[in-house]
Amino acid sequence: MWSAEQPFIIPLEPIFDKVYHAVLGESYTSFKFVEGVTPLSTVPEVATTCILYLITIFGGQYLMKNRKPFQLEFLFKLHNLFLTTLSAALLLLIAENIIPIIWNEGVYGSVCNQTSWTQRLELLYYLNYLTKYYELIDTIFLVLKKKKLEFLHYYHHSLTMVLCYTQLVGSTAVSWVPITLNLCVHVFMYYYYFRATAGVRIWWKKYLTTMQITQFILDLGFVYFCTYNYFAFNFFPAFPHVGDCSGTVGAALFGCALLSSYLVLFINFFRKTYKKPMSKPKSN
């Protein structure tokens, strides 16, 4: 029988715990994100990775200028299949943890109450953060295959990693919204690339960008709501508000600014890619 405390027929956490223990030799319940202790938990580490990423991709473009593109179809398929599977696994694990919280505390409680930032979710958010480092390989494949590098691509890849870091440090309870939506999009996106590399024509390519735009609209609705309530409760109590929201000022403002820029850039990308220019009327 279905219950909010156990939303799936097969409990996933015991399986996850066995895998975690097999890899690290300890239970997943022992994890705690601590700045300066947990790997990749400091600003210098994040900043250095971003700089090395940009040097690598633009330096790689220069080195590949007079070389033939590499044929990396098998590795690219394997890479995309791995990310599709990983995204789906993380999505299900987070859903298994967040559904009971939404059921018991409501949507507002799930995005604003500090109690919604649990140890288990913190670990899953951290693992999602680590995947952003691995996803940088996407760009390496583009460079080696001599594909065009769009600004949106490397801007989004590098700064999403920074976004995940800021929300981990800020312990923002609303993190589950952009993370689950992003994972959902990635399940479809990396599956599309996996199939397209095999030469299969996918009719719903256009809708991937629509999904991403929808994702950012929903993200901003939740993030702006939480940010407004945080500032109203703590600094402008005379303003109408529901209550306080957990997190830090830096995490809130950075999240709002970056997600807003994503929405603008993806809408512009959609317009350039899928909107056909109107043909000029023929003159007699």
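Which residues lie nearest the centre of the second largest pocket? They are Phe-16, Val-19, Tyr-20, Leu-86 and Leu-127. The model is a predicted one.

## Second largest pocket

The volume here is about 630 Å³. The lining of the second largest pocket counts 22 residues. Helices α1 (13-24), α3 and α4 (119-134) each give two or more residues to this lining.

By class, the lining of the second largest pocket holds 18 nonpolar residues, three polar and one charged.

## Largest pocket

The largest pocket encloses about 1000 Å³. Its lining takes in 32 residues. Nearest the centre of the largest pocket are Leu-142, His-153, Tyr-192, Tyr-193 and Phe-269. Six elements appear by name as giving two or more residues: α3 (73-112), α5 (137-144), α6 (151-170), α7 (176-197), α8 (205-234) and α9 (249-274).

Which element gives the largest share of this lining? It is α7, with seven residues. The classes in the lining of the largest pocket are 12 nonpolar, 10 polar and 10 charged. For the second largest pocket, the corresponding entries are 18 nonpolar, three polar and one charged.

## Salt bridges

How many salt bridges does the structure hold? There are three. One pairs Arg-120 with Glu-13, with the closest N and O atoms 3.1 Å apart. This pair links distant parts of the chain. Arg-120 sits in helix α4 and Glu-13 in helix α1, 107 residues apart. The partners are not equally covered: Arg-120 has a relative accessible area of 40% and is partly exposed, whereas Glu-13 is buried at 11%.

Another salt bridge joins Lys-132 and Glu-135. Their closest N and O atoms are 3.5 Å apart. Both Lys-132 and Glu-135 are buried. The remaining pair is Glu-150 with Lys-148, at 3.9 Å between the closest N and O atoms. Glu-150 is partly exposed, because its relative accessibility is 32%. Lys-148 reaches 68% and so counts as exposed.

## Annotated transmembrane regions

The unreviewed UniProt entry carries the annotation "transmembrane region". According to that record, the annotation covers residues 46-64, 76-103, 174-193, 213-231 and 251-270.

Two of these spans can be set against the model. Residues 76-103 are 100% helix and 0% strand. The end C-alpha atoms of residues 76-103 are 40 Å apart. Residues 251-270 are also 100% helix and 0% strand. For residues 251-270, the end C-alpha atoms lie 28 Å apart.

## Ser-87 in helix α3

Is Ser-87 buried or exposed? Ser-87 counts as buried, because its relative accessibility is 3%. This serine belongs to helix α3.

Leaving out residues up to four places away in sequence, Ser-87 touches Leu-183, His-186 and Val-187.

## Helix α5

Which residues of α5 are buried? They are Asp-138, Thr-139, Phe-141 and Val-143. The cover over these buried residues includes α2, α3, α6 and α7. Helix α5 also gives two or more residues to the lining of the largest pocket.

Lys-146 follows α5. The phi of Lys-146 is positive, near 60°.

## Positive phi in loops

Leu-40 has a positive phi, near 60°, and is a residue other than glycine. Leu-40 lies in the loop between α1 and α2 (43-63). With 24% relative accessibility, Leu-40 counts as partly exposed.

Ser-171 is not a glycine, yet its phi is positive, about 50°. Ser-171 is found in the loop between α6 and α7. Why does Ser-171 count as buried? Its relative accessibility is 19%, and buried means under 20%.

Definitions and conventions:
Residues numbered from 1 in each chain as written. Predicted model: local features only at pLDDT ≥ 70, side-chain atom pairs only at ≥ 80, totals over all residues. Heavy atoms only, no water. 1 Å grid on protein atoms, 1.4 Å probe; cavity = no way out; pocket = protein on both sides within 12 Å on 5 of 7 lines; lining within 4 Å. Points joined across faces, edges and corners; volume = space filled by probe spheres on them. Helix = DSSP H or I, 4+ residues; strand = E, 2+ residues; numbered from the N terminus. Nonpolar A, V, L, I, M, F, W, Y, C, P; charged D, E, K, R; others polar. Salt bridge = Lys/Arg side-chain N within 4 Å of Asp/Glu carboxyl O. Buried < 20%, exposed > 50% of the residue type's maximum accessible area, 1.4 Å probe, protein only. UniProt positions renumbered as here; feature names shortened; annotations may be inferred. Contact = heavy atoms within 4.5 Å.
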